[in-house]
Amino acid sequence: MRNNFSLSDAKKNAKSCVVATGILVTRFGTPGRRRFLDYLLGTTVLATLGAILYPIFRFISPPQIVEAAKNSVIAGKVGELAVNAGKIFKFGSKPGILVRTPTGDLKAFSAVCTHLECIVQYRSDTKQIWCACHNGQYNLNGQNIGGPPPRPLEEYAVNIRGDEIVVTKS
Ligand code: FES
């Protein structure tokens, strides 16, 4: 069988392809449409980038924690705490500990251990403030008396207002 395809046929085909491509460009490539398509493509790319980058940016940037600018809080009611007992209360974004000592006095401290910032608790059996993380011990004046805590607990002032126990940072 003889191949009828010659070089001149190939040139003709190539020309017709160019012409066909030119028609395509002419049909769909008018400047107004092209500009519109460029604009559409550009905004789509920008919107996609924004949709990808915005959540990443929000994930990386730290949240704005509104620190309660309170200097005093109501830690509880007067009759609420038994003698030789303690309770944790919220002082802004940090925990505090309110203790009614065996003699009936009310004391309040930061409940954040000065070692590695675990939350301390009151132990009625030892009559101490105790940190369960590494067996840190504080006396009822907040002084570190055992275990790894390097400093005393921050002490707060306690006042009674009506039937409320008001704790104030000094
Ligand atoms: S964190 Fe309290 S003793 Fe270590």
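**Strand pairing around β6 and β4**

In this predicted model, β6 and β7 run antiparallel and are joined by 3 bridges. Both strands belong to an open sheet of 4 strands with the order β5-β6-β7-β8 and antiparallel pairing. β5 (121-123) and β8 (144-146) are at the edges with a single partner strand each, so one side of each has no neighbour in the sheet. From one strand to the next, the twist averages 40°. Strands β3, β4 and β9 are treated separately below.

**Strand β6 and its partners**

- Strand β6 covers residues 128-131 and pairs with β5 in the antiparallel sense over 3 bridges.
- Within the β5 and β6 pairing, R123 stands opposite Q128.
- On the β7 side, Y138 is the bridge partner of I129.
- Side chains alternate along β6: I129 and C131 point to one face and are buried, whereas Q128 and W130 point to the other face and are not buried.
- Q128, opposite R123, is thus one of the β6 residues that are not buried, while I129, the partner of Y138, is one of the buried ones.

**Turns flanking β6**

- The hairpin of β5 and β6 has 4 residues between the strands, and K127 in the turn has a positive phi of about 55°.
- The hairpin of β6 and β7 also has 4 residues between the strands, and here N135 in the turn has a positive phi of about 60°.
- N135 lies in the loop between β6 and β7, the latter spanning 136-138.
- N135 counts as exposed because 12 other C-beta atoms lie within 10 Å, and the exposed class is defined as 12 or fewer.
- N135 and P148 are 13 residues apart in sequence, with a C-alpha to C-alpha separation of 7.7 Å.

**Strand β4 and its partners**

- Strand β4 (residues 106-110) has 4 of its 5 residues buried, so the rest of the structure largely encloses it.
- Strand β3 (residues 94-100) pairs with β4 in the antiparallel sense over 5 bridges.
- In that pairing, L98 stands opposite A108 of β4.
- β3 and β4 form a hairpin with 5 residues between the strands, in which G104 takes a positive phi near 95°.
- β4 also pairs with strand β9 (residues 155-161), in the antiparallel sense and over 2 bridges.
- In the β4 and β9 pairing, F109 stands opposite E155.

Conventions. Residues numbered from 1 in each chain as written. Predicted model: local features only at pLDDT ≥ 70, side-chain atom pairs only at ≥ 80, totals over all residues. Pairing = 2+ DSSP bridges. Axes fitted to C-alpha atoms, helices over the stretch in contact; angles between N-to-C directions. Buried ≥ 20, exposed ≤ 12 C-beta atoms within 10 Å, placed from the backbone.
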